[in-house]
Amino acid sequence: MAIRAAACWRLARSLRTTTCCRRAWFWRRAIGPASWCRQGAPGTYYLRTLKFQIGRDGITLAEDILAEVVVIDDPRPMALPSGPLPVPNALAPITDQELASAGGLKRSIVMFAVANPPPTPTSPNPPITDPPASTVVHPGNELNDWVYQTDGTSLANKVFALGAASGGSSTNPGMPAEYIPFQSSRALKQTVALGSVEEWTIFNMNNIRHPFHIHINPCWVVKINGQPIDPYWADTIPLPAGGSPTAPTSVTFRSRFVDFAGSYVMHCHMLVHEDMGMMQTIEVI
Ligand SMILES: [Cu+2]
C-alpha cells in the first residue's frame, strides 16, 4: 500500500463489499486481495462497507464504517511499483499440476442449520428434550448442549452442524446421512497429511450466507456453485445464499497444508452459529 496520503481498498472479497470514499483514486490493482489507490490531499477518509443482503428473509445489513484513515502530512514524492507486486511463494496460485502432485485429495463438507420439530405451542419454554431432527446424530443426552431455545427467535430449536458428503459432482455430491455439531462426542474431524495440497468443496444447505472460515492456511478459491471463477485467496468465504437440502450452494477451494502440524478448526464465522456447533476440527499430521 502506498502511504503517501493513501488509503487502501478492497479488504475483502469475503464478507461484505468494501469501498473507499472521497476522491480515492484506484491507481493500480495488484495481484492478491489488496489494491492500490492514491489520495491527493491531507484529510480524513473512510473505509466503508456497502449495504449488504445477507440472504435470509431479505435481511440487509446497513452501510457502516470499517476504518477511519487520517492523512496528516503533505504529499511526498514516492515511486510506486510499475508492475504487479511480488507474490510470496505461499500465495502462488495452486495449479492442477501441483494439486495432482501433492496428494490432491478432495473432500466435501456440508454446513447445515437443522430445524428440530417445532416446540409445543402451549409451552412458552419448551423442554430442551425435544427430539432432534432426524438427520442429526443424537447420542445419549447430548441434545441439551446443542439446542438453543429462545421463544420464537430464528435460532430457536435448531441444531447447527456440519456433515461430510461422500464427494461427487456439485449437483450430486452424495450428501451426508447425518450431521453432527462440534459439541458432540462424535464430532467429525478431518485428518490431513502435512505438506499435502487438497481441494475441498463446502456445501451450504441453508438460505443464508454462512461465512466459512478456516484457520492457519488460506484458501485458493476456484469455484462457486461448481462453476470456475477467477481464483483468489481468502480466509473467510461467504457461501452463496439460496441453498437447500436438495439444492445446496457451494464454494470450492484448494489449500496447502504446510508448516503447521497440529489441530485447528474451520467453522461458520457467524459467532452464534459457530458457538452452537457449526465447527469442525482439522488435524494435520
Ligand atoms: Cu452460519
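This passage describes the strand pairing and the nonpolar core of one predicted model. Residues are numbered from 1 along each chain as its sequence is written. Because the model is predicted, local features need pLDDT of at least 70 and side-chain atom pairs count only at pLDDT 80 or more, whereas totals for chains, interfaces and linings use all residues.

Strands are DSSP runs of E with at least two residues, numbered from the N terminus, and two strands pair if DSSP finds at least two bridges between them. Six strands form an open sheet of mixed pairing, in the order 7-6-9-14-11-12. Strand 7 and strand 12 are at the edges with a single partner strand each, so one side of each has no neighbour in the sheet. Within this sheet, strand 11 and strand 12 run antiparallel and are joined by five bridges; Lys223 has Pro228 of strand 12 as its bridge partner.

Strand 16 (residues 279-284) runs parallel to strand 8 (residues 189-192), with four bridges between them. Strand 16 also pairs with strand 15, in the antiparallel sense, over six bridges. Val284 of strand 16 is the bridge partner of Val192 and also stands opposite Gly262.

The largest nonpolar core (buried Ala, Val, Leu, Ile, Met, Phe, Trp, Tyr and Cys residues joined through C-beta atoms within 7 Å; buried means that 20 or more other C-beta atoms, placed from the backbone, lie within 10 Å of a residue's own) has 39 residues. Met111 and Ala161 have the most contacts inside this core. Strands that each supply at least two of its residues include strand 6 (103-115), strand 7 (158-165) and strand 9 (197-204). Strand 6 gives the largest share, six residues.

Conventions:
Buried ≥ 20, exposed ≤ 12 C-beta atoms within 10 Å, placed from the backbone.
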